[in-house]
Amino acid sequence: MKSTDESTDVLSSEHRLKTMLKVEAALASALAKSGIISKKHAAAIAKACRPDSFDAQALESLGAKAGTPVIPLVKALVEKTHTLSESAACFVHLGATSQDILDTATVLQLKEVLPFIYKNLLRIESGFSDLAKEHAQTPVLGRTLLQAGPPISFGLKAAGWVAAVRRGRIRIEQAAPHSLSLQFGGAVGNLSSLGDKGLAVSKHLADELDLLLPKAPWHTHRDALVELATAIGILVGSLAKIARDISLHMQGEVAELHEPAEPGKGGSSAMPHKRNPVECMRILAASNRTPALVSSLLSAMPQEHERGLGGWQSEWPTLRDLFSAALDVSSSMAALSEGLEVNTGKMLANLEAQQEVVFSERLSTSLLPNLGRLEAQELVANLVNQSIKQNKNLSQVAAKDPTIQSVLDPESLAAVFDIQQALGSSLVFIDRLLQKEES
């Protein structure tokens, strides 16, 4: 994950330790509120849950041998609590199983990451919205199969970016509440060790951690968590599509867009003239890894009985890498959206270099009422070939063709090649795409 002044690395091993201890302290409080232990005992356990008195790396190493870091963590926590209150130490981790602590810690960490991702996405939506409005009537070549097509509005392309990012954000926001819920079920998911107080402890624990209380523990039912992960994967793919577009517009012979200029950024060790799309490169590199991460989580879903063997244990490093990628690419795209340089002159020059052959569809369509489809397309295809061979604009060649003269007056022919008319319903589409409620 990119480190920033405004955020800590909430996906690190150190923060994972803090989060596990937070769950243990909250559990002690929930036990006290349920009348199982005293407030004094809960306070002693909470005091022992000071992250700076634990060694995250040592616990991780011991956890690898034990099969879970919770086992050595609980042992250390019992010892530290014992120094504060011998009687309180008996109640450390009461009613919980290792997976309860790890799953809930995972949920809390992911919940902490999401606001940073949302902040980046809102920046992206705002940046590209401004771009879409500014360039609503800026023509640029439409491109299909990497070949020149009729002109489109660059604002429409930017608005499409906005809508895709917004859909991604909404998709995550809708999945997050039920995906990031409390996990607390004890050894086999029925809280039997807590007798008739299990449900009360669950309720208080969910309240303590500000998490949704699910209908039942979900130890081996991972669909909700994977749903969120899949939404994250789709978001990264959407951001990568935008990065691909921008990088193609940045090609030297195209030069319609440029990443924000910054000293020492985007250079080449061998070619001083280059201005490489490094932010796009970073986003695309992360997106190449993302499908495998999502696939890994999907593959881990068939988990055995009441506690999975291997599948569950593989999730955390995968989720960490996936959410780290989402944070990284959204940060890079936010910077792009706010500083993307648009060369409208080059957009027009590239359009004019096509000698108007990209208007061939409009020309053949204007002929349909008089000539029929096949005859119109054959005529226009011949005119396009003449335009290319004679190195003349298609409108010039068409104006001299007897058939064209017989069915189109000069004004109608000029309208065919009018760039603004060729932008079609762009303004309407831009308005629709930028409407937050209907994106």
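Buried here means under 20% relative accessible area, while exposed means over 50%. That is the yardstick for the legends that follow, and the model they describe is a predicted one.

**View 1. Helix α2 lines up its buried residues on one face.**
Five names to pick out here are His41, Ala42, Ala44, Ile45 and Ala48, the buried residues of α2. Look down the axis of α2 and these residues fall within an arc of 160°, so they line one face of the helix. Swing round to the other side of α2 and you meet lysines: Lys39, Lys40 and Lys47 are exposed there. As for what sits over the buried residues of α2, the cover includes α1 and α4.

**View 2. Helix α4 has several helices covering its buried residues.**
Helix α4 runs over residues 70-84, which makes 15 residues. From its first C-alpha to its last, α4 reaches 21 Å, close to the 21 Å expected at 1.5 Å a residue. Its buried residues are Val70, Pro72, Leu73, Val74, Ala76, Leu77 and Thr81. The cover over the buried residues of α4 includes α1 (13-33), α2 (39-48), α3 (56-66) and α5 (98-134). So α2 turns up again in this view, as part of the cover of α4, just as α4 is part of the cover of α2.

**View 3. Glu259 is a buried loop residue whose side chain meets backbone nitrogens.**
Find Glu259 in the loop between β3 (257-258) and α9 (278-299). Is Glu259 buried or exposed? Its relative accessibility is 3%, so Glu259 counts as buried. Now follow the side chain towards α9 (278-299). A polar atom of the Glu259 side chain lies 3.3 Å from the backbone nitrogen of Val278. The side chain of Glu259 also reaches the backbone nitrogen of Glu279, at 3.1 Å.

**View 4. Leu145 and Ala255 are loop residues with a positive phi.**
Leu145 isn't a glycine, yet it has a positive phi of about 55°. You'll find Leu145 in the loop between β1 (139-144) and β2 (147-153). With 83% relative accessibility, Leu145 counts as exposed. Ala255, another residue other than glycine, has a positive phi near 55°. This one lies in the loop between α8 (223-249) and β3. Ala255 has 15% relative accessibility and counts as buried.

**View 5. Lys18 and Asn393 are 68 Å apart in space.**
Lys18 belongs to helix α1. Its relative accessible area is 44%, which makes Lys18 partly exposed. Asn393 is 375 residues away from Lys18 in sequence, and the 68 Å between them runs C-alpha to C-alpha.

**View 6. Stepping back, the protein has 18 helices and four strands.**
Why call the protein more spread out than a compact globule? Its radius of gyration is 30 Å, well over the 22 Å that the globule rule gives for 439 residues. The C-alpha trace spans about 100 × 50 × 35 Å along its principal axes. Of the 439 residues, 49% count as buried. Among contacts with a separation of 6 or more, 77% come from residues 24 or more positions apart. The protein exposes about 21,100 Å², and carbon and sulfur atoms supply 54% of that area.

Definitions and conventions. Residues numbered from 1 in each chain as written. Predicted model: local features only at pLDDT ≥ 70, side-chain atom pairs only at ≥ 80, totals over all residues. Heavy atoms only, no water. Helix = DSSP H or I, 4+ residues; strand = E, 2+ residues; numbered from the N terminus. Expected span 1.5 Å × (residues − 1). Buried < 20%, exposed > 50% of the residue type's maximum accessible area, 1.4 Å probe, protein only. Contact = heavy atoms within 4.5 Å. Polar contact = N/O pair within 3.5 Å; in protein donor to acceptor, adjacent residues only side chain to side chain. Rg over C-alpha atoms; globule rule 2.2 N^0.38 Å. Areas by Shrake-Rupley, 256 points an atom, 1.4 Å probe, with all protein chains shown as cover. Arc of directions from axis to C-beta.
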